[in-house]
Amino acid sequence: MNKVVVITGASSGIGETTAKLLAQDGDLLVLGARREAKLQQIVSDIEAAGGKAVYALTDVTSLESVQALAKLALDKFGHIDVWMNNAGLMPHSEFIKGKVADWNRMIDVNLRGLLYGIDAALPSMRAQKSGQFINVASVAAHAVHPGGGVYSATKAGVLMISEALRQEEAAAKSNVRVTVVSPGAVATELVDHVTDQSTKQALEGYYKQNAISPERVATSIKAAIDLPADAALNEIIIRPTQQE
Ligand SMILES: NC(=O)c1ccc[n+]([C@@H]2O[C@H](COP(=O)([O-])OP(=O)(O)OC[C@H]3O[C@@H](n4cnc5c(N)ncnc54)[C@H](OP(=O)(O)O)[C@@H]3O)[C@@H](O)[C@H]2O)c1
(Lines give C-alpha, C1' and ligand atoms only; values in the text may rest on other atoms or scores of the structure.)
Protein backbone atom coordinates (compact mmCIF):
# COMPACT_ATOMS: atom_id res chain seq x y z
CA MET A 1 0.00 0.00 0.00
CA ASN A 2 3.11 2.27 0.16
CA LYS A 3 2.23 3.85 3.48
CA VAL A 4 4.93 5.33 5.69
CA VAL A 5 4.73 3.37 8.93
CA VAL A 6 6.74 4.19 12.06
CA ILE A 7 7.01 1.42 14.67
CA THR A 8 8.46 1.77 18.17
CA GLY A 9 9.77 -1.39 19.82
CA ALA A 10 10.53 -2.74 16.35
CA SER A 11 13.56 -4.84 17.33
CA SER A 12 11.65 -8.01 18.31
CA GLY A 13 8.27 -9.67 18.75
CA ILE A 14 5.11 -7.96 17.54
CA GLY A 15 6.93 -4.84 16.27
CA GLU A 16 9.50 -6.77 14.21
CA THR A 17 6.88 -9.14 12.78
CA THR A 18 4.51 -6.33 11.84
CA ALA A 19 7.35 -4.39 10.18
CA LYS A 20 8.30 -7.38 8.04
CA LEU A 21 4.69 -8.14 7.07
CA LEU A 22 3.92 -4.54 6.08
CA ALA A 23 7.19 -4.18 4.14
CA GLN A 24 6.28 -7.22 2.04
CA ASP A 25 3.27 -5.29 0.79
CA GLY A 26 5.27 -2.17 -0.15
CA ASP A 27 4.88 -0.07 2.97
CA LEU A 28 7.90 2.09 3.90
CA LEU A 29 9.07 1.26 7.41
CA VAL A 30 10.74 3.50 9.96
CA LEU A 31 11.88 1.43 12.92
CA GLY A 32 12.78 2.54 16.45
CA ALA A 33 14.19 0.60 19.43
CA ARG A 34 17.34 0.55 21.57
CA ARG A 35 19.19 -2.55 20.23
CA GLU A 36 21.06 -1.47 17.12
CA ALA A 37 22.27 -4.90 15.96
CA LYS A 38 18.70 -6.20 15.94
CA LEU A 39 17.43 -3.17 14.01
CA GLN A 40 20.25 -3.47 11.45
CA GLN A 41 19.42 -7.14 10.91
CA ILE A 42 15.70 -6.43 10.48
CA VAL A 43 16.37 -3.64 7.97
CA SER A 44 18.67 -5.92 5.97
CA ASP A 45 16.10 -8.77 6.09
CA ILE A 46 13.44 -6.37 4.77
CA GLU A 47 15.74 -5.07 2.03
CA ALA A 48 16.75 -8.61 1.04
CA ALA A 49 13.05 -9.39 0.57
CA GLY A 50 12.69 -6.34 -1.72
CA GLY A 51 11.23 -3.95 0.87
CA LYS A 52 12.28 -0.56 2.19
CA ALA A 53 13.12 0.30 5.82
CA VAL A 54 15.27 2.66 7.85
CA TYR A 55 15.89 2.78 11.58
CA ALA A 56 16.86 5.16 14.35
CA LEU A 57 18.14 4.15 17.74
CA THR A 58 15.19 5.17 19.90
CA ASP A 59 14.50 5.17 23.62
CA VAL A 60 10.80 5.98 24.01
CA THR A 61 11.36 7.26 27.55
CA SER A 62 13.09 10.29 25.97
CA LEU A 63 10.89 12.83 24.17
CA GLU A 64 13.89 14.04 22.13
CA SER A 65 14.63 10.49 21.00
CA VAL A 66 11.02 9.92 19.88
CA GLN A 67 10.99 13.30 18.11
CA ALA A 68 14.18 12.26 16.27
CA LEU A 69 12.42 9.09 15.07
CA ALA A 70 9.55 11.18 13.69
CA LYS A 71 12.05 13.54 12.04
CA LEU A 72 13.77 10.61 10.33
CA ALA A 73 10.42 9.52 8.86
CA LEU A 74 9.60 13.05 7.68
CA ASP A 75 13.10 13.71 6.28
CA LYS A 76 13.30 10.36 4.51
CA PHE A 77 9.75 9.88 3.24
CA GLY A 78 8.06 13.31 3.59
CA HIS A 79 5.15 12.30 5.79
CA ILE A 80 3.88 9.76 8.35
CA ASP A 81 0.78 7.67 7.58
CA VAL A 82 0.87 5.30 10.54
CA TRP A 83 2.54 5.57 13.94
CA MET A 84 2.57 2.32 15.92
CA ASN A 85 3.15 2.83 19.65
CA ASN A 86 4.32 -0.69 20.40
CA ALA A 87 7.34 -0.49 22.73
CA GLY A 88 6.40 -2.01 26.06
CA LEU A 89 7.36 -4.31 28.89
CA MET A 90 5.53 -6.52 31.39
CA PRO A 91 7.68 -7.26 34.46
CA HIS A 92 4.88 -8.69 36.62
CA SER A 93 5.37 -9.04 40.37
CA GLU A 94 3.25 -8.74 43.48
CA PHE A 95 3.38 -5.38 45.27
CA ILE A 96 4.96 -6.94 48.39
CA LYS A 97 8.13 -7.61 46.34
CA GLY A 98 8.62 -3.85 46.16
CA LYS A 99 9.92 -3.74 42.61
CA VAL A 100 9.61 0.02 42.32
CA ALA A 101 12.14 0.22 39.48
CA ASP A 102 9.98 -2.15 37.39
CA TRP A 103 6.85 -0.11 38.16
CA ASN A 104 8.62 3.05 37.03
CA ARG A 105 9.93 1.45 33.83
CA MET A 106 6.42 0.29 32.90
CA ILE A 107 5.02 3.77 33.48
CA ASP A 108 7.89 5.36 31.54
CA VAL A 109 7.81 3.01 28.53
CA ASN A 110 4.18 1.84 28.30
CA LEU A 111 2.58 5.21 29.10
CA ARG A 112 5.05 8.08 28.69
CA GLY A 113 6.54 6.46 25.59
CA LEU A 114 3.09 6.28 24.01
CA LEU A 115 2.34 9.91 24.86
CA TYR A 116 5.67 10.98 23.36
CA GLY A 117 4.74 9.08 20.18
CA ILE A 118 1.44 10.92 19.97
CA ASP A 119 3.19 14.24 20.53
CA ALA A 120 5.79 13.50 17.85
CA ALA A 121 3.38 12.37 15.13
CA LEU A 122 0.02 14.09 15.67
CA PRO A 123 0.89 17.64 14.45
CA SER A 124 2.00 16.41 11.00
CA MET A 125 -1.06 14.13 10.73
CA ARG A 126 -3.37 17.03 11.63
CA ALA A 127 -1.65 19.20 9.02
CA GLN A 128 -1.98 16.60 6.25
CA LYS A 129 -5.52 15.67 7.39
CA SER A 130 -4.84 11.93 7.51
CA GLY A 131 -3.05 9.38 9.64
CA GLN A 132 -3.43 6.48 12.02
CA PHE A 133 -2.17 5.52 15.45
CA ILE A 134 -1.84 1.84 16.29
CA ASN A 135 -1.55 1.76 20.08
CA VAL A 136 -0.64 -1.61 21.55
CA ALA A 137 -2.49 -2.26 24.81
CA SER A 138 -3.30 -5.79 26.07
CA VAL A 139 -6.11 -7.98 27.34
CA ALA A 140 -4.62 -6.76 30.65
CA ALA A 141 -6.26 -3.41 29.90
CA HIS A 142 -9.60 -5.13 30.50
CA ALA A 143 -8.83 -7.39 33.47
CA VAL A 144 -6.34 -7.55 36.30
CA HIS A 145 -4.74 -10.46 38.17
CA PRO A 146 -2.33 -10.68 41.12
CA GLY A 147 1.12 -9.52 40.03
CA GLY A 148 -0.26 -7.52 37.11
CA GLY A 149 -1.50 -4.38 38.84
CA VAL A 150 0.95 -1.87 37.39
CA TYR A 151 1.02 -3.45 33.92
CA SER A 152 -2.80 -3.44 33.76
CA ALA A 153 -2.86 0.17 34.96
CA THR A 154 -0.52 1.22 32.16
CA LYS A 155 -2.45 -0.72 29.51
CA ALA A 156 -5.84 0.56 30.75
CA GLY A 157 -4.19 3.97 30.43
CA VAL A 158 -3.34 3.20 26.80
CA LEU A 159 -7.02 2.42 26.22
CA MET A 160 -8.23 5.67 27.80
CA ILE A 161 -5.64 7.86 26.09
CA SER A 162 -6.50 6.25 22.77
CA GLU A 163 -10.24 6.79 23.18
CA ALA A 164 -9.78 10.46 24.09
CA LEU A 165 -7.47 10.88 21.10
CA ARG A 166 -10.07 9.22 18.85
CA GLN A 167 -12.81 11.57 20.07
CA GLU A 168 -10.62 14.66 19.69
CA GLU A 169 -9.58 13.78 16.15
CA ALA A 170 -13.14 12.89 15.15
CA ALA A 171 -14.32 16.27 16.44
CA ALA A 172 -11.49 18.02 14.59
CA LYS A 173 -12.43 16.15 11.36
CA SER A 174 -8.73 15.43 10.88
CA ASN A 175 -9.27 11.92 9.42
CA VAL A 176 -6.76 10.61 11.99
CA ARG A 177 -7.75 7.07 12.97
CA VAL A 178 -6.97 5.42 16.29
CA THR A 179 -6.67 1.66 16.62
CA VAL A 180 -5.96 -0.11 19.91
CA VAL A 181 -4.56 -3.61 19.63
CA SER A 182 -5.09 -5.70 22.74
CA PRO A 183 -3.33 -9.06 22.48
CA GLY A 184 -3.52 -12.03 24.82
CA ALA A 185 -0.50 -14.34 25.13
CA VAL A 186 1.86 -13.95 22.16
CA ALA A 187 5.22 -15.72 21.79
CA THR A 188 7.76 -12.88 21.90
CA GLU A 189 10.60 -11.78 24.20
CA LEU A 190 8.13 -10.13 26.61
CA VAL A 191 8.46 -12.72 29.38
CA ASP A 192 12.30 -12.72 29.16
CA HIS A 193 12.33 -9.35 30.92
CA VAL A 194 10.32 -10.38 34.01
CA THR A 195 12.64 -9.84 36.97
CA ASP A 196 10.73 -11.76 39.67
CA GLN A 197 11.96 -15.32 39.16
CA SER A 198 8.93 -17.26 40.44
CA THR A 199 6.56 -15.12 38.36
CA LYS A 200 8.84 -15.53 35.35
CA GLN A 201 8.81 -19.31 35.66
CA ALA A 202 5.04 -19.44 35.90
CA LEU A 203 4.65 -17.12 32.89
CA GLU A 204 7.15 -19.12 30.82
CA GLY A 205 5.17 -22.29 31.46
CA TYR A 206 1.90 -20.57 30.55
CA TYR A 207 3.29 -18.97 27.39
CA LYS A 208 4.90 -22.23 26.25
CA GLN A 209 1.50 -23.92 26.44
CA ASN A 210 -0.72 -21.14 25.14
CA ALA A 211 0.99 -18.32 23.25
CA ILE A 212 0.20 -17.66 19.60
CA SER A 213 2.65 -16.47 16.97
CA PRO A 214 3.18 -12.69 16.55
CA GLU A 215 2.23 -13.18 12.89
CA ARG A 216 -1.39 -13.48 14.05
CA VAL A 217 -1.25 -10.04 15.65
CA ALA A 218 0.62 -8.53 12.70
CA THR A 219 -2.06 -9.80 10.30
CA SER A 220 -4.80 -8.10 12.33
CA ILE A 221 -2.81 -4.84 12.45
CA LYS A 222 -2.39 -4.95 8.68
CA ALA A 223 -6.16 -5.38 8.30
CA ALA A 224 -6.74 -2.25 10.43
CA ILE A 225 -4.25 -0.26 8.34
CA ASP A 226 -5.63 -1.47 5.01
CA LEU A 227 -9.25 -0.62 5.85
CA PRO A 228 -10.58 2.27 3.68
CA ALA A 229 -9.92 5.64 5.34
CA ASP A 230 -13.58 6.40 6.09
CA ALA A 231 -13.75 3.54 8.62
CA ALA A 232 -11.61 2.76 11.65
CA LEU A 233 -11.14 -0.49 13.49
CA ASN A 234 -10.93 1.08 16.96
CA GLU A 235 -10.00 -1.94 19.04
CA ILE A 236 -8.78 -5.39 18.20
CA ILE A 237 -8.73 -7.97 20.98
CA ILE A 238 -6.76 -10.95 19.73
CA ARG A 239 -5.94 -13.86 21.99
CA PRO A 240 -5.20 -17.57 21.66
CA THR A 241 -8.47 -19.43 21.02
CA GLN A 242 -7.89 -21.49 24.13
CA GLN A 243 -6.89 -18.61 26.44
CA GLU A 244 -9.47 -18.38 29.25
N1 LIG B 1 3.60 -10.82 23.97
C2 LIG B 1 2.44 -10.71 24.61
O3 LIG B 1 1.90 -11.71 25.13
C4 LIG B 1 1.74 -9.39 24.68
C5 LIG B 1 0.41 -9.36 25.11
C6 LIG B 1 -0.24 -8.13 25.21
C7 LIG B 1 0.43 -6.97 24.88
N8 LIG B 1 1.73 -7.02 24.46
C9 LIG B 1 2.38 -5.74 24.17
O10 LIG B 1 2.98 -5.84 22.89
C11 LIG B 1 4.02 -4.85 22.79
C12 LIG B 1 5.24 -5.48 22.14
O13 LIG B 1 5.77 -6.47 23.00
P14 LIG B 1 6.26 -7.91 22.49
O15 LIG B 1 5.32 -8.90 23.05
O16 LIG B 1 6.53 -7.88 21.05
O17 LIG B 1 7.60 -8.06 23.36
P18 LIG B 1 9.15 -7.92 23.01
O19 LIG B 1 9.55 -8.93 21.99
O20 LIG B 1 9.86 -7.91 24.33
O21 LIG B 1 9.23 -6.47 22.33
C22 LIG B 1 9.25 -5.29 23.08
C23 LIG B 1 9.89 -4.20 22.24
O24 LIG B 1 9.88 -2.99 22.99
C25 LIG B 1 11.15 -2.39 22.86
N26 LIG B 1 11.44 -1.51 23.98
C27 LIG B 1 11.48 -1.79 25.31
N28 LIG B 1 11.84 -0.70 26.01
C29 LIG B 1 12.03 0.30 25.10
C30 LIG B 1 12.43 1.65 25.19
N31 LIG B 1 12.70 2.24 26.36
N32 LIG B 1 12.53 2.38 24.05
C33 LIG B 1 12.27 1.81 22.84
N34 LIG B 1 11.89 0.53 22.69
C35 LIG B 1 11.78 -0.20 23.81
C36 LIG B 1 12.12 -3.54 22.73
O37 LIG B 1 13.29 -3.13 22.02
P38 LIG B 1 14.72 -2.73 22.64
O39 LIG B 1 14.95 -3.61 23.83
O40 LIG B 1 15.66 -3.01 21.49
O41 LIG B 1 14.62 -1.28 22.94
C42 LIG B 1 11.32 -4.50 21.88
O43 LIG B 1 11.52 -4.22 20.51
C44 LIG B 1 4.25 -4.35 24.22
O45 LIG B 1 3.62 -3.08 24.36
C46 LIG B 1 3.53 -5.37 25.08
O47 LIG B 1 3.09 -4.84 26.31
C48 LIG B 1 2.38 -8.19 24.35
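**Exercise 1.** Which atom of the ligand lies 2.9 Å from a polar side-chain atom of Lys155?

*Solution.* Before we start: this is a predicted model, where local features need pLDDT of at least 70 and side-chain atom pairs count only at pLDDT 80 or more, while totals for chains, interfaces and linings use all residues. Residues are numbered from 1 along each chain as its sequence is written, and side-chain values use heavy atoms, with hydrogens and water left out.

Step 1. Go to Lys155: the partner of its polar side-chain atom is an oxygen atom of the ligand.

Step 2. Now try Ser11, where a side-chain N or O atom sits 2.7 Å from an oxygen atom of the ligand.

Step 3. For Asp59, the ligand atom is a nitrogen, 3.0 Å from an N or O atom of the side chain.

Step 4. Zoom out: the protein covers 96% of the 880 Å² of accessible area that the ligand has on its own (Shrake-Rupley method, 1.4 Å probe).

**Exercise 2.** Work out whether Ser138 is buried or exposed, and find what it touches.

*Solution.* Step 1. Locate Ser138 in the loop between strand 5 (131-136) and helix 5 (149-171). Helices (H or I, at least four residues) and strands (E, at least two) are DSSP runs, numbered from the N terminus.

Step 2. Ser138 has 6% relative accessibility, so it counts as buried (under 20% relative accessible area; exposed is over 50%, partly exposed in between; 1.4 Å probe, protein chains only).

Step 3. Leaving out residues up to four places away in sequence, Ser138 touches Tyr151, Lys155, Val181, Ser182 and Pro183 (contact means heavy atoms within 4.5 Å).

Methods:
Polar contact = N/O pair within 3.5 Å; in protein donor to acceptor, adjacent residues only side chain to side chain.
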